[in-house]
Amino acid sequence: VFDFDRVLVASLSAPSSQGFHTELGFELDAALAQSVLRTAFGGNASGVAHVREWFAELAGRRGEGGCCGPLLAVVARGELGIVAVFNLLRLAGLAGYVSAIWRIAPGGVGVLYPAEGGSWDT
């Protein structure tokens with residue numbers, strides 16, 4: 001059961017580099033990384049900055065009133081696999097705000113979440 005206070009809907013695309021879709025933390029060269037971010041988050045650099053500010057604001061509410069605040073989960077559907085979604089979030093500086101990435105696809109559901117020591121696990 002999900003309880004959504006806010007929903008961000010984005011149409012994301014990722015580079016065709018096989019490693020971007022299969023390796024967590026795959027590195028892109030700087031020019032390609034900037035191009036991917038512009039395409040994925042509204043066509044300009046301010047789109048990424050706006051989403052980053054929003055995520056930081058929501059994450060900053062954790063601990064208010066002596067209780068845990070909102071946890072951020074990403075739910076992805078479509079062509080991109082869960083690793084590519086993670087790599088896009090990491091590239092944009094957003095992965096640290098996310099508690100889980102869920103992917104819903106015709107073949108089933110997958111989840112990726114932060115594990116101890118800063119790694120991510122399925």
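V75, W102, I104 and V109 form a nonpolar patch on the surface, and together these residues offer about 340 Å² of accessible area. A patch here is built from residues with over 30% relative accessible area and no salt bridge, where like charges are joined within 9 Å and nonpolar side chains (Val, Leu, Ile, Met, Phe, Trp, Tyr) within 5 Å. The areas themselves come from the Shrake-Rupley method with a 1.4 Å probe, and for residues only the protein chains shown count as cover.

Before I continue, a word on the source. This is a predicted model, in which local features need pLDDT of at least 70 and side-chain atom pairs count only at pLDDT 80 or more, while totals for chains, interfaces and linings use all residues. Residues are numbered from 1 along each chain as its sequence is written, and side-chain values use heavy atoms, with hydrogens and water left out.

Let me stay with the patch for a moment. V75 belongs to strand β1, and its relative accessible area of 39% makes this residue partly exposed. On our scale, buried means under 20% relative accessible area, exposed means over 50%, and partly exposed lies in between (1.4 Å probe, protein chains only). Strand β1 has two faces: L72, V74 and A76 lie on the covered one, whereas A73, V75 and R77 lie on the uncovered one. Across from V75, in β2, stands W102. I104, another member of the patch, has V109 of β3 as its bridge partner.

How is the sheet beneath this patch arranged? Four strands make an open sheet in the order β1-β2-β3-β4, with mixed pairing. Strands β1 (72-77) and β4 stand at the edges with a single partner strand each, so one side of each has no neighbour in the sheet. For the terms: strands (E, at least two residues) and helices (H or I, at least four) are DSSP runs numbered from the N terminus, and two strands pair if DSSP finds at least two bridges between them.

Taking the pairs in turn, β1 and β2 run parallel over six bridges, and L72 has V98 as its bridge partner in β2. Strand β2 (residues 98-105) pairs with β3 (residues 108-114) in the antiparallel sense over five bridges, and the two form a hairpin with two residues between them. Strands β3 and β4 (residues 120-121) are also antiparallel, joined by two bridges, and Y113 has D121 as its partner in β4. This hairpin has five residues between its strands, and G117 in the turn has a positive phi of about 80°.

I turn now to helix α4. Which elements cover its buried residues? They include α1, α2, β1, β2, β3 and β4, where contact means heavy atoms within 4.5 Å. Eight of the 10 residues of α4 are buried, so the helix is largely enclosed by the rest of the structure. The buried residues are I82, V83, A84, V85, F86, N87, L88 and L89. After α4 comes G93, with a positive phi near 75°.

In the loop between α4 and β2 we find A95, which counts as buried at 9% relative accessibility. Leaving aside residues up to four places away in sequence, A95 touches F86, L89, R90 and W120. The C-alpha atoms of A95 and F55 are 9.9 Å apart, although these residues are separated by 40 positions along the chain.

R90 also takes part in a salt bridge: its side chain meets that of E27 at 3.5 Å, N to O. The rule asks for a side-chain nitrogen of Lys or Arg within 4 Å of a carboxyl oxygen of Asp or Glu, and by this rule the count comes to one salt bridge. E27 lies in the loop between α1 (18-22) and α2 (30-40), and R90 in helix α4, so the pair ties together parts that are 63 residues apart in sequence. E27 is exposed, at 58% relative accessibility, whereas R90 is partly exposed, at 26%.

Finally, the chain as a whole. Its secondary structure comes to four helices and four strands, running α-α-α-β-α-β-β-β from the N terminus. Of the 122 residues, 31% count as buried. The accessible surface comes to about 7500 Å², of which 54% belongs to carbon and sulfur atoms. Among contacts between residues at least 6 apart in sequence, 57% join residues at least 24 apart.
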